[in-house]
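Let's take a friendly walk through this model, from its helix pairs to its cores and on to a few loop residues. Please keep the structure open beside the text.

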Amino acid sequence: MSKRFITLLRHGKVDGPAALYGHTDITLSAQGNTDLFTAITTVQQQRPITHIISSPLIRCAQPAQEFAEATQLPLQIIDDLKEMFFGHWDGIAFDQFDEAHWPALHQFWDAPASAHAPAGETLQQFVARVMRGWDLIANNTDAEHQLVICHGGVIRIIIALVLNLDWRNAALFKQLHIDYASHTRIEFGDMANSLPIIKWIGVIKE
């Protein structure tokens, strides 16, 4: 049994104003696309990628498809790796928020396990599906190095799952910064039943 590696890569900056882009299918900005491919090149140079996995949302899937075609590497789209669905707030620019919505939004940031967006996904629902996606990735023992292009919220939940942290803790979302086009490396040892190790979190190429 040899070591396995999983690199979680957040998509680049999107082509839109500041907002909660959960399931909103927004494309990357030109700079976001450039930054993402710079990050992919960095990851590839560190350790050759053998398998590509992506969220189905276009800001992840489009560059993943381009990279897969350029390198002739297998690409797997996992629906469970979508960002959290923010319901009525999804895709609405913050500067367009009605004043009446701000208290509910602040409550969501302060207590994400007990508050959620109107008609949106609960944190428990989000964690359950990310866990399903993560299980598929973590149990793929045939892939030496999987590149997973996904979202900030998904990466935070995977980190919590790997480290057995309390995913209900608001600090995971308020104080753990996962920047655009940053990558997080997880390593599985070459011994049976070895625990996954997080080698680094949120690294970007300056």
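## Helix pairs, cores and loops

Helix α1 (residues 30-46) and helix α2 (residues 58-71) have axes that come within 11 Å and cross at roughly 50°. That makes α1 oblique to α2; angles under 35 degrees count as roughly parallel, over 145 as roughly antiparallel, 65 to 115 as roughly perpendicular and the rest as oblique. Axes here are lines fitted to C-alpha atoms, for helices over the stretch in contact, and angles run from 0 to 180 degrees between N-to-C directions. Helices (H or I, at least four residues) and strands (E, at least two) are DSSP runs, numbered from the N terminus.

This is a predicted model, in which local features need pLDDT of at least 70 and side-chain atom pairs count only at pLDDT 80 or more, while totals for chains, interfaces and linings use all residues. Residues are numbered from 1 along each chain as its sequence is written, and side-chain values use heavy atoms, with hydrogens and water left out.

Back to the first pair: α1 passes α2 in a right-handed crossing (right-handed if the near helix is turned clockwise from the far one by less than a right angle, left-handed if anticlockwise). On the α1 side, N33, L36, F37, I40 and Q44 meet R59, P63, E66, F67 and T71 of α2, where contact means heavy atoms within 4.5 Å. The residues of this contact divide into five nonpolar, three polar and two charged. In that count, Ala, Val, Leu, Ile, Met, Phe, Trp, Tyr, Cys and Pro are nonpolar, Asp, Glu, Lys and Arg charged, and the others, Gly among them, polar.

How do α4 and α5 cross? Their axes come within 10 Å, at roughly 75°, and the two helices are therefore roughly perpendicular to each other. L123, F126, V127, V130, M131 and W134 in α4 meet G153, V154, I157, I158, L161 and V162 in α5. Here the residues divide into 11 nonpolar, one polar and no charged.

W134 also leads us to the interior. The largest nonpolar core has 35 residues, and W134 and I186 have the most contacts inside it. Such a core is a set of buried Ala, Val, Leu, Ile, Met, Phe, Trp, Tyr and Cys residues joined through side-chain atoms within 4.5 Å; buried means under 20% relative accessible area, exposed over 50%, partly exposed in between (1.4 Å probe, protein chains only). Among the elements that give two or more residues to this core are β1 (4-10), α4 (123-138), α5 (152-163) and β5 (183-188). Leaving aside neighbours within four places in sequence, W134 is in contact with I6, I158, L161, V162, I186 and F188. A second, separate core of 20 residues includes Y21, I26, V43 and L147.

Which loop residues are exposed? Here are four.

| Residue | Loop | Relative accessible area |
|---|---|---|
| Q72 | between α2 and β3 (75-77) | 69%, exposed |
| T141 | between α4 and β4 | 52%, exposed |
| N164 | between α5 and α6 | 71%, exposed |
| N193 | between β5 and β6 (197-203) | 79%, exposed |

Most residues other than glycine have a negative phi. Q72, not a glycine, has a positive phi of about 60°, and phi of N164 is near 55°, also positive in a residue other than glycine. From C-alpha to C-alpha, T141 and I159 are 19 Å apart in space and 18 residues apart in sequence. N193 and I58 are 36 Å apart in space, C-alpha to C-alpha, and 135 residues apart in sequence.
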